[in-house]
Amino acid sequence: MRLNPLLLSLVPAALASSAFAFDLQAIRVGRAETVSHGVIEHAVVLVEDGRIVAVGPDLPIERGIPVVDRPEWTVMPGLVLPYSRLGLDGRAGADFTPEVSPSPEILPRAEEYAEVLTYGITTIGIYPPGNGVPGQAVAIRPKGETLEEMRIKEGAYLKVYFRADARSKKTVKDAWAKVDEHDEKVAKAKEKWTKDQKGKGAKSEEKKDEAKPEEKKDEKAADAKAKEFVPPAADPKVKPFLRVRDGKMLPLVSISAAADWAHWLDAIGERKFDFALRVVMQRELDLYEVHDEIVKRKCMLVMEPELSYTTSTMRQRNLPAEFANAGNKVVLIPRGEDLASHETWRADVGEMVKNGMKREDALKSMTVYGAALMGLDKDYGTLEKGKVANLLFLNGDPLEPGTKVVAVMLDGAFVHGEVRQ
């Protein structure tokens with residue numbers, strides 16, 4: 001897909017001004033995979049204060065702006081891995097601790113983070129261990145002296161493990177029952193507050209008639225403050241589900257079979273909220289049986305870049321491609337938790353393209369869709385003006401197995417490669 005520069009609106013008018021600030025840096029490359037707007041040949045990326053200022057073909061660069069000139073390079077957004085336990089050993093965890101974050105487990109400066117950064121992985125979602133509803137993921141950058149330097153966002157998504165059994169269904173139904181109890185508590189509190197306000201209002205009007213102008217002004221401010229209803233605080237275990245209900249956080253639901261899907265729908269009933277699916281790819285996987293239902297729900301899916309087979313047959317299927325081609329957002333993650341799987345991640349996704357997945361969907365599966373799962377797609381995952389300057393530079397096509405990483409930029413600074421700052 002070729003980019004039409006007229007469709008972009010990525011280049012600010014300030015580029016043509018002699019007053020343009022010289023604290024920028026420009027990177028001129030042979031090709032840019034923007035992910036959002038196709039491909040730009042002979043691209044220039046301008047970066048300032050950790051953000052992308054402009055992206056476009058053959059942009060003019062003011063004299064004095066530092067330039068990294070690499071016409072043999074290809075640039076794309078840094079890879080976003082939203083589902084990981086990288087650098088963490090513990091697998092223990094509770095069955096229902098939705099308020100928990102895995103942040104205390106994270107060890108800054110862990111060797112694994114430094115290594116995957118050289119592969120171009122610039123954003124990672126760490127999920128909590130356990131069963132049932134073990135907690136919420138945290139999004140981090142794989143570099144920093146402290147957890148605060150690494151942390152991007154708490155509550156990136158709510159992790160849910162679901163199986164077609166009574167225990168899983170009870171866990172989910174009980175959680176939503178607690179939400180209903182909280183809503184009822186809030187409704188009753190608001191009803192009482194409303195009645196109290198009406199009573200106070202009548203008395204207040206009587207006092208205002210007798211008050212002095214200065215007193216009236218103070219009373220008016222006090223009345224305005226009193227008219228703000230403050231709902232009862234929610235239980236910490238209920239708060240994550242309120243965020244899910246209000247569309248502020250996605251639950252990521254792990255299922256392994258079509259039966260799990262059917263029981264999950266039964267567990268949530270008529271409730272309307274968005275959710276994503278984590279599907280562990282297996283040799284035989286019957287999820288194709290509920291393909292149309294998942295497509296209708298427009299669920300995002302998190303899967304490994306692997307082929308599977310129709311059950312009890314030798315018919316090979318590319319389920320990630322089937323869902324992506326039907327319009328679902330598919331996030332592809334490394335095949336394993338070992339470093340080797342992270343290093344071959346791009347090439348493994350390339351195999352999905354060779355087996356029927358669209359190239360643009362494959363690139364999105366490693367970048368902007370992972371960011372969207374964590375609610376970070378406004379800042380990460382594409383090459384666009386205003387996005388965080390997490391950039392991956394390669395010596396060829398990102399999806400070809402022989403292509404190597406030549407440089408990595410994190411938050412506007414080169415952290416790997418010959419132009420390291």
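The points below go through a predicted model, from the whole chain down to single side chains.

1. Overall make-up. The protein has 421 residues, and 50% of them count as buried. Its secondary structure consists of twelve helices and 17 strands. About 20,200 Å² of the protein is exposed, and 50% of that area comes from carbon and sulfur atoms.

2. Contacts along the chain. Take the contacts between residues at least 6 apart in sequence: 70% of them join residues at least 24 apart.

3. Aromatic pairs. A pair of aromatic rings is described by the distance of the centres and the angle of the planes. The structure holds eleven such pairs. In one of them, Phe-162 and Trp-264, the ring centres are 5.5 Å apart and the planes stand at 75 degrees, so the pair is edge-to-face. Phe-162 sits in the loop between strand S8 (151-161) and helix H3 (166-210), while Trp-264 belongs to helix H6 (residues 258-268), so this pair ties together parts that are 102 residues apart in sequence. Both Phe-162 and Trp-264 are buried.

4. A second ring pair. For Trp-261 and Phe-275 the centres are 6.0 Å apart and the planes are at 50 degrees, so the pair is tilted. Trp-261 is in helix H6 and Phe-275 in the loop between H6 and strand S10 (276-279), so the parts tied together here are 14 residues apart in sequence. Trp-261 and Phe-275 are both buried.

5. The aromatic cluster. The residues of points 3 and 4 belong to one aromatic cluster, formed by Phe-96, Phe-162, Trp-176, Phe-241, Trp-261, Trp-264, Phe-273 and Phe-275.

6. Salt bridges. Side chains of opposite charge can pair when their charged atoms come close. The structure holds 26 salt bridges. One of them joins Arg-151 and Glu-154, with an N to O distance of 2.6 Å. Arg-151 is partly exposed at 22% relative accessibility, and Glu-154 is partly exposed at 32%.

7. A bridge within a helix. Glu-184 and Lys-188 form a salt bridge whose closest N and O atoms are 3.5 Å apart. The two residues are four apart in helix H3, which means that about one helical turn separates them. Glu-184 counts as partly exposed at 46% relative accessibility, whereas Lys-188 counts as exposed at 53%.

8. A bridge between a loop and a helix. Arg-335 and Asp-348 meet in a salt bridge of 3.8 Å, N to O. Arg-335 lies in the loop between strand S14 (330-332) and helix H9 (339-343) and Asp-348 in helix H10, so the pair ties together parts that are 13 residues apart in sequence. Arg-335 is partly exposed, at 38% relative accessible area, but Asp-348 is buried, at 11%. Elsewhere, salt bridges with shared partners join Arg-31, Glu-33, Glu-41, Arg-359 and Asp-397 into one network.

9. A buried arginine. Which side chain of opposite charge is nearest to Arg-346? It is Asp-397, at 7.2 Å, and the buried Arg-346 has no salt bridge. Arg-346 is part of helix H10 (residues 345-354). A polar atom of the Arg-346 side chain lies 3.3 Å from the backbone oxygen of Thr-403. Leaving aside neighbours within four places in sequence, the residues in contact with Arg-346 include Leu-79, Tyr-119, Met-366, Leu-392, Glu-400 and Thr-403.

Key. Residues are numbered from 1 along each chain as its sequence is written. This is a predicted model: local features need pLDDT of at least 70, side-chain atom pairs count only at pLDDT 80 or more; totals for chains, interfaces and linings use all residues. Side-chain values use heavy atoms; hydrogens and water are left out. Buried means under 20% relative accessible area, exposed over 50%, partly exposed in between (1.4 Å probe, protein chains only). Lys and Arg count as positive and Asp and Glu as negative; His and the chain ends are not counted. A salt bridge is a side-chain nitrogen of Lys or Arg within 4 Å of a carboxyl oxygen of Asp or Glu. A polar contact is a pair of N or O atoms within 3.5 Å; within protein, one must be able to donate a hydrogen and the other to accept it, and residues adjacent in sequence count only if both atoms are side-chain atoms. Contact means heavy atoms within 4.5 Å. Accessible areas come from the Shrake-Rupley method with a 1.4 Å probe; for residues, only the protein chains shown count as cover. Rings of Phe, Tyr and Trp (its six-membered ring) pair if their centres lie within 6.5 Å; planes under 30 degrees apart count as stacked, over 60 as edge-to-face and the rest as tilted.
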